[in-house]
Amino acid sequence: MDTKTLTNALKTEMNSVIRNQEALTDLAITALLAKGHVLVEGVPGLAKTLWARSLAQLMTMDFKRVQFTSDQLPSDILGTKIFNQQTSQFELRKGPLFTQLFLADEINRTPPKTQSALLEVMEERAITIDGTRHVLDEPFFVMATQNPVEYEGTYPLPEALLDRFMMKLVITYPGVAAEKQVLQMHHEGFDNVHLTKRPVCEAADIATCRTEIAEVAVEDSVMNYIISIVETTRRVSSVMHGASPRGSVALLLAAKAFAAMNGRDFVIPDDIKFLAAPILQHRIILKPEAEIDGIKSETVVENILSQIKVPR
């Protein structure tokens, strides 16, 4: 099964459950295929948990969800070693991070020391406990959520952790027509807690797609286009810190995955333009006076895209 066929099947099944969130599905699957992770920002009740659980079932992925709270410790998600009196040895009790699709629900409600437990695993797909490194099975995908409304009792994510997320996706209300469809589904007996979806693919299929994605061609002019966009984020007057080279790499890898999802073996500038905001907006740190003036990082990215010449 090629990448386009597989992702079309995934999107069809996802859109039958999650109404009017096609952008979330498109971009999150792009990040997964590009070996990235996503941070999803939206008010409660927009089916973020249902989305993650549905995707895990469709892709035959082991799924774990943790509701982050202020009293959690790193060992609560990483795991710890327990002394077994029968064997007189320490045994590893794995935490929920030992999975394939990990949903970090309301990640900004846990302290920085627990947030930092995700740094290694998101970058290296491995967890180190008491000096022993445990490599996780592929695919491994972290989806974290945060509520943009409530700030009391929350801990803003540090820049180092934000930079680990390939994309930040902001989702909004589904709209009147889509919300009526949701009501109709529940009226007819839809159970979002005990939902069961027939699998569309397995881990081997994802590996095949990633092999196809690795072969997607990128012309030198498109490479230069990526560099121009990211480098310009460091020179805008309203920006204190622009995107790092990790942002450039994320934009390249995501563009290759997105091209394959659309049945192409080459990246076009429109792929870069479509992906630039979700990949770069959370990597840009605005100056305090710019924030006071109401400037948004996504607006900065849009302005940069309008100024830089698009390669032909």
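Which residues does Met167 touch, not counting residues up to four places away in sequence? Here are a few points to help you find your way around this predicted model.

1. Let's begin with Met167 itself. Leaving out residues up to four places away in sequence, Met167 touches Leu27, Thr30, Ala31, His37, Val38, Leu39, Ala254, Leu275, Pro278, Ile279 and His282. Two of these names, Val38 and Leu275, come back in the next point.

2. Met167 belongs to the largest nonpolar core, which has 72 residues. Together with Leu33, Val38, Trp51, Ile272 and Leu275, Met167 is among the residues that touch the most other members of that core. The largest share of the core comes from helix α11, which gives ten residues. There is also a second, separate core of 24 residues, and Val66, Leu78, Ile107 and Phe140 are included in it.

3. Helix α1 is a good next stop. It runs over residues 3-15, so to speak a stretch of 13 residues, and it reaches 18 Å from its first C-alpha to its last, close to the 18 Å expected at 1.5 Å a residue. Its buried residues are Thr3, Leu6, Thr7, Leu10, Lys11 and Met14. Seen down the helix axis, these buried residues fall within an arc of 130 degrees, so they line one face of α1. The cover over them includes α2 (22-33), α3 (48-58), α9 (203-214) and α11 (245-261). Helix α11 thus appears here as cover for α1 and, above, as a source of core residues.

4. Now look at Gln146, in strand β8 (residues 141-146). Is Gln146 buried or exposed? With a relative accessibility of 12%, Gln146 counts as buried, because the cut-off is under 20%. Its side chain makes a polar contact with the side chain of Glu41, at 2.9 Å. Not counting residues up to four places away in sequence, Gln146 touches Leu39, Val40, Glu41, Gly42, Glu106, Asn108, Leu157 and Lys168. Leu39 is also on the list for Met167.

5. Last comes Arg133, which you will find in strand β7 (residues 132-135). Arg133 is partly exposed, with a relative accessible area of 46%. The side chain of Arg133 makes a polar contact with the side chain of Glu124, at 3.3 Å. Leaving aside neighbours within four places in sequence, the contacts of Arg133 are Glu120, Glu124, Ala126, Ile127 and Thr128. For a sense of distance, try Ile171: it is 38 residues from Arg133 along the chain, and the C-alpha atoms of the two are separated by 36 Å.

Conventions
Residues numbered from 1 in each chain as written. Predicted model: local features only at pLDDT ≥ 70, side-chain atom pairs only at ≥ 80, totals over all residues. Heavy atoms only, no water. Helix = DSSP H or I, 4+ residues; strand = E, 2+ residues; numbered from the N terminus. Expected span 1.5 Å × (residues − 1). Buried < 20%, exposed > 50% of the residue type's maximum accessible area, 1.4 Å probe, protein only. Arc of directions from axis to C-beta. Contact = heavy atoms within 4.5 Å. Polar contact = N/O pair within 3.5 Å; in protein donor to acceptor, adjacent residues only side chain to side chain. Core = buried A, V, L, I, M, F, W, Y, C linked by side-chain atoms within 4.5 Å.
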